[in-house]
Amino acid sequence: RLMRTGARGRWSGIGWCDRVQRLAMTTFIALLRGINVGKSRRVSMEELRSLLSGLGYAEVSTLLNSGNAVFRAAGGTARHHAAAIAQALAAQMQVDVPVIVVASDDLAAIVHENPLTASATDPSRLLVAFAQDAQALGALDRIGALAKPPDQFAIGPRAAYLHCAGGILESKAGKALLGKAGQAVTTRNWATVLKLHGLAQTTSA
């Protein structure tokens, strides 16, 4: 509850302190690669939320069953949070998978910078590849040679984009991106990316 104190009418109280503290926090999105595919690397979203909360993250929520989480943190870089989450998954759940973390502002930029939205009418066939650093993103350049028309491939400042016009399973570039060539990144389809963007914006509000 807020209380007015002092001659100048300054406000103090627990509610005000909580509000200031929340404004100082950043919203992040964690993306796990290769979980809940087959019988191995099983992680329920309830377990993932519990793990993230145990690491001290606030306002944790998950989306779908493929390892997508949104959370808020008072400090630290995306790379720092990715390493902490990956380490906790290995130590607490014996699940060793790559984890990519992006800040909500970077996710908004990734959405805005997508050059393929005009030609990709089916969001399930438009993939976004997330990388933790520029080196991993640049390594995807080799996939471009596999993207034969009508497929389209582009690398942006923060992510790579692939439109598999005939379907992902029919695309050599799509298979490569989801296979060994893309093992340092994690991929989500456009529909999921937009849902994560919306969830991140709601969490930040």
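**View 1. P150 sits in the loop between α5 (134-138) and β8 (152-155).** Welcome to the first close-up of this predicted model. The peptide bond leading from P149 to P150 is cis, and its omega is near 15°. Why look twice here? Most peptide bonds are trans, and most residues other than glycine have a negative phi. Keep both habits in mind for the next view.

**View 2. Two residues, E59 and L64, have a positive phi without being glycine.** E59 belongs to strand β4, and its phi is near 50°. L64 lies in the loop between β4 and β5, with phi near 60°. Are these residues buried, exposed or partly exposed? E59 counts as partly exposed because its relative accessibility is 35%, which falls between the 20% and 50% cut-offs. L64 is partly exposed too, at 46% relative accessibility.

**View 3. T192, in helix α7, touches L63, L64 and N68.** That list leaves out residues up to four places away in sequence. T192 has a relative accessible area of 8%, so it counts as buried. L64, one of its contacts, is the partly exposed loop residue from the view before.

**View 4. Four strands form an open sheet in the order β4-β5-β3-β6.** The pairing in this sheet is antiparallel. Which strands stand at the edges? They are β4 (58-63) and β6 (99-103); each has a single partner strand, so one side of each is left without a neighbour in the sheet. From one strand to the next, the twist averages 20°. Follow β4 to its partner β5 (residues 68-73): four bridges join these antiparallel strands. One pair to look for is A58 with its bridge partner R72 in β5. Helix α3 (residues 78-93) packs on the sheet, where it touches β3 (26-32), β5 and β6. The direction of α3 makes about 145° with that of β6.

**View 5. Helices α2 (residues 45-54) and α3 pack against each other at an angle of about 115°.** Two packed helices are described by the angle between their axes and the distance between the axes. For α2 and α3, the axes are 11 Å apart, and the crossing is right-handed. Which residues meet here? From α2 come E47, L51 and L52, and from α3 come I85, A88, L89, Q92 and M93. Sorted by class, the contact has six nonpolar residues, one polar and one charged. An α-helix has 3.6 residues a turn, so residues three or four places apart point the same way. Try tracing that pattern along the two helices as you look.

**View 6. Helix α4 (residues 104-112) lies across β3 and β6.** This helix runs at about 90° to β6. Which residues of α4 are buried? They are S104, L107, A109, I110 and V111. What do these buried residues pack against? Their neighbours are β3, β6, β7, β9 and α7 (190-204). You have already met β3 and β6 in the open sheet, and β7 is the topic of the next view.

**View 7. Strand β7 (residues 126-130) is mostly covered.** How many of its five residues are buried? Five of the five are. In a regular strand the side chains alternate between the two faces of the sheet. You can see this in β7: L126, V128 and F130 point one way, while L127 and A129 point the other way. Strand β7 pairs with two strands shown here. With β9 (residues 159-163) the pairing is antiparallel over five bridges, and L126 has H163 as its bridge partner. With β10 (residues 186-189) the pairing is also antiparallel, over four bridges, and A129 stands opposite T187.

**View 8. Stepping back, the chain holds seven helices and 10 strands.** How much of the chain counts as buried? Of its 205 residues, 44% do. The chain exposes about 11,000 Å², and carbon and sulfur atoms supply 54% of that area. Contacts also link distant parts of the sequence: among those between residues at least 6 apart, 66% join residues at least 24 apart. The touch between T192 and L63 is one contact you can find again in the model.

Methods: Residues numbered from 1 in each chain as written. Predicted model: local features only at pLDDT ≥ 70, side-chain atom pairs only at ≥ 80, totals over all residues. Heavy atoms only, no water. Buried < 20%, exposed > 50% of the residue type's maximum accessible area, 1.4 Å probe, protein only. Pairing = 2+ DSSP bridges. Contact = heavy atoms within 4.5 Å. Areas by Shrake-Rupley, 256 points an atom, 1.4 Å probe, with all protein chains shown as cover. Axes fitted to C-alpha atoms, helices over the stretch in contact; angles between N-to-C directions. Left-handed = near helix turned anticlockwise from the far one by under 90°. Nonpolar A, V, L, I, M, F, W, Y, C, P; charged D, E, K, R; others polar.
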